[in-house]
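Please look through the following structure with care, and use this briefing as a guide to a strand and a side chain within the fold.

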Amino acid sequence: MHTPPSPPGPERTDGSSVQIGALVPLTRPGWVEAGQHLLAGLELAVREVNDAGGVVGRPLELVVRDTAADAQKATAAVDELACLGVAALAGEYHSVVARAAAGRADALGLPFLCSSAVLDALTEQPTEWVARLSPPQSHGWQIYADFLLSAGHSRIAVAAQPSVYWASGTRILRDYLAPRGGTVVELDMSALTPAAVCDELVDNRATALLLLVGHPEPAVPIVKSVRSDRRLAEILIGAPAGQPEFAEWATLLGDDSAGVPFLRYLPERLSPLGARVEKVLREQLSEAPSFVAFEGYDTVAVLADVLRSHGADRARTAESWPRVAVEGTRGQIQFSRTPGISVWQWASTPVQVVDRDPAEPGRFRILHAS
């Protein structure tokens, strides 16, 4: 009678790899291009960690699971990865999906460093198990609201689809703009066609339209419709969630892709580390890396540092969030407790409002920075 193999736990001593579970949207309806950039950053950092000797003499290994922007799929992936014995979880781009993953990771006692999701309430209750690199939505979207006001826009329309994320964004904008003389009109995209949106904008005398909708549908048809309506020649189209960041936006919209301000989480000038990583990622992706690729790289840089210090013990990883001090591609990364935020938060993430330059849509212009 042979002894059954022991299940893989978080503390292996057989010289095998230290595994990190990576949650990434790689198929529709997930934002595939964002997922590819996130994964490119994660993979580059893992290669560099391993080239430098790994973690406590063991190679780092990514175990990738596609979430496809599906919360149930992500929750099942967290369960599976926990059983496989991963030391920690990394990644995810979509806020609603990250929230499901974070809640499950918290319940299982599995450290999760969220790369790119911004929803303020990433977990229902405060947790020690989850930390986040991207800024909370309330912080970034208030900076975006400041930009709108400084550009002379106080009558704002939002074309919104039903979702916790879009509803949260609308509430942040309304709460911030109302005391400053701004109004927010909500256009329900489950009931309106792109042509009907144009009529609503005219009726409401809006000077700016914000796209709180999925990409490419219905974002692209809305932009085409508004841009071709002569009554709306002066209106600003904005996309705080970052749809214009990716090449697909420019490919689908051509000249109409330019002049649509969005949020991105990059400093005005990259550090030497950031510049080196940018160069490698550009070759790897055959295009300019988005901020999401840098978020992926920084996620692994932080986890590798923690794992070097504490080994692959899950509880010790979670305990170490407040002691992290890692040089990332976009600045020094440290986590703190931010009022109203339930997870450990990098509080000094750089935030910019940028757009594609109408004179050269392949180039980005910084319009506003914090």
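Which residue in strand 8 is the bridge partner of Ala159? The partner is Leu211, and the model in which this pairing appears is a predicted one, where local features need pLDDT of at least 70, side-chain atom pairs count only at pLDDT 80 or more, and totals for chains, interfaces and linings use all residues. Residues are numbered from 1 along each chain as its sequence is written, and side-chain values use heavy atoms, with hydrogens and water left out.

**Strand 8 and its neighbours**

- Five of the five residues of strand 8 (residues 208–212) are buried, so this strand is largely enclosed by the rest of the structure; buried means under 20% relative accessible area, exposed over 50%, and partly exposed in between, with a 1.4 Å probe and protein chains only.
- Strands (E, at least two residues) and helices (H or I, at least four) are DSSP runs numbered from the N terminus.
- Ala208, Leu210 and Leu212 point one way from strand 8, while Leu209 and Leu211 point the other way.
- Strand 8 pairs in the parallel sense with strand 6 (residues 155–160) over five bridges, and also in the parallel sense with strand 9 (residues 236–238) over three bridges, where pairing requires at least two DSSP bridges between two strands.
- In strand 9, Leu236 is the bridge partner of Ala208.

**Asp355**

- Asp355, which lies in strand 15 (residues 352–357), is buried, with a relative accessible area of 2%.
- The side chains of Asp355 and Arg365 are joined by a polar contact of 2.7 Å, a term for a pair of N or O atoms within 3.5 Å, of which, within protein, one must be able to donate a hydrogen and the other to accept it, while residues adjacent in sequence count only if both atoms are side-chain atoms.
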